[in-house]
Amino acid sequence: MSLTNTLIEITRLFLPSLNRKCSHSKIRPDIEQGYCPDCGKLIKNEWYIARCSCCGVKIKAMVKNGEIVAQEHFCSNCGSEGYKIEKLDQINFIDINFAALMKKEVEEERFCNTTKCWQEKTIETPKLLVQYL
Ligand SMILES: [Zn+2]
Ligand SMILES: [Zn+2]
């Protein structure tokens, strides 16, 4: 095998994982937020339900192409077509049958990287550092 071929093989091995969008599948749905062990991003679990915009009855929601949509086209209660999406503050046993879970990446300031941690010893960091260990 030539060097070029080897390089192509290596690139093929590594690139898919770099390009692929992480689905954060290891983030448990029962936590509010946490760090994804696969990509290291802070992930927030957000629950959404759909409601008929006419009668307000709950409609099952799902995630489609990164968006929350209603699973049914028409309301089973009044036959209307429109619906609105509602964000839930907390998930409960009743809503979980209707709700769609969206794993949102939280953009955060990474104040801590390996070199910084060792160089700077400030008073306010130790409490926050615990989250990264
Ligand atoms: Zn991830
Ligand atoms: Zn309705």
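Reader: Is Asn65 buried or exposed?

Author: This is a predicted model, where local features need pLDDT of at least 70, side-chain atom pairs count only at pLDDT 80 or more, and totals for chains, interfaces and linings use all residues. Residues are numbered from 1 along each chain as its sequence is written, while chains are lettered from A and ligands numbered from 1 in the order in which they are written. Counting other C-beta atoms (placed from the backbone) within 10 Å, 20 or more makes a residue buried, 12 or fewer exposed, and anything in between partly exposed. Asn65 has 5 such neighbours inside 10 Å, so it counts as exposed.

Reader: And where does Asn65 sit?

Author: Helices (H or I, at least four residues) and strands (E, at least two) are DSSP runs, numbered from the N terminus. Asn65 isn't a glycine, yet its phi is positive, about 50 degrees. Its place is the loop between strand 4 (61-64) and strand 5 (67-70).

Reader: What is phi of His24 near?

Author: His24 lies in the loop between helix 1 (3-19) and strand 1 (33-35). It is partly exposed, because 18 other C-beta atoms lie within 10 Å. His24 is a residue other than glycine with a positive phi, near 50 degrees.

Reader: In what order do the elements of the protein run?

Author: The tally is three helices and seven strands. From the N terminus on, they run α-β-β-β-β-β-β-β-α-α.

Reader: Which strand gives the largest share of the largest nonpolar core?

Author: A nonpolar core here is a set of buried Ala, Val, Leu, Ile, Met, Phe, Trp, Tyr and Cys residues joined through C-beta atoms within 7 Å. The largest one has 14 residues, and Tyr48, Ile49, Ala50, Ile59, Ala61 and Ala99 touch the most other members. Strand 2 (42-52) and strand 5 each supply at least two of its residues. The largest share, five residues, comes from strand 2.

Reader: Which residues does Asp95 touch, leaving out those up to four places away in sequence?

Author: Asp95 is in the loop between strand 6 (83-88) and strand 7 (100-106). It is partly exposed, since 16 other C-beta atoms fall within 10 Å. Contact means that the C-beta atoms of two residues, placed from the backbone, lie within 7 Å. With residues up to four places away left out, Asp95 touches Ile49 and Leu88.

Reader: How far apart in space are Asp95 and Lys58?

Author: In sequence, Asp95 and Lys58 are 37 residues apart. C-alpha to C-alpha, the distance between them is 8.7 Å.
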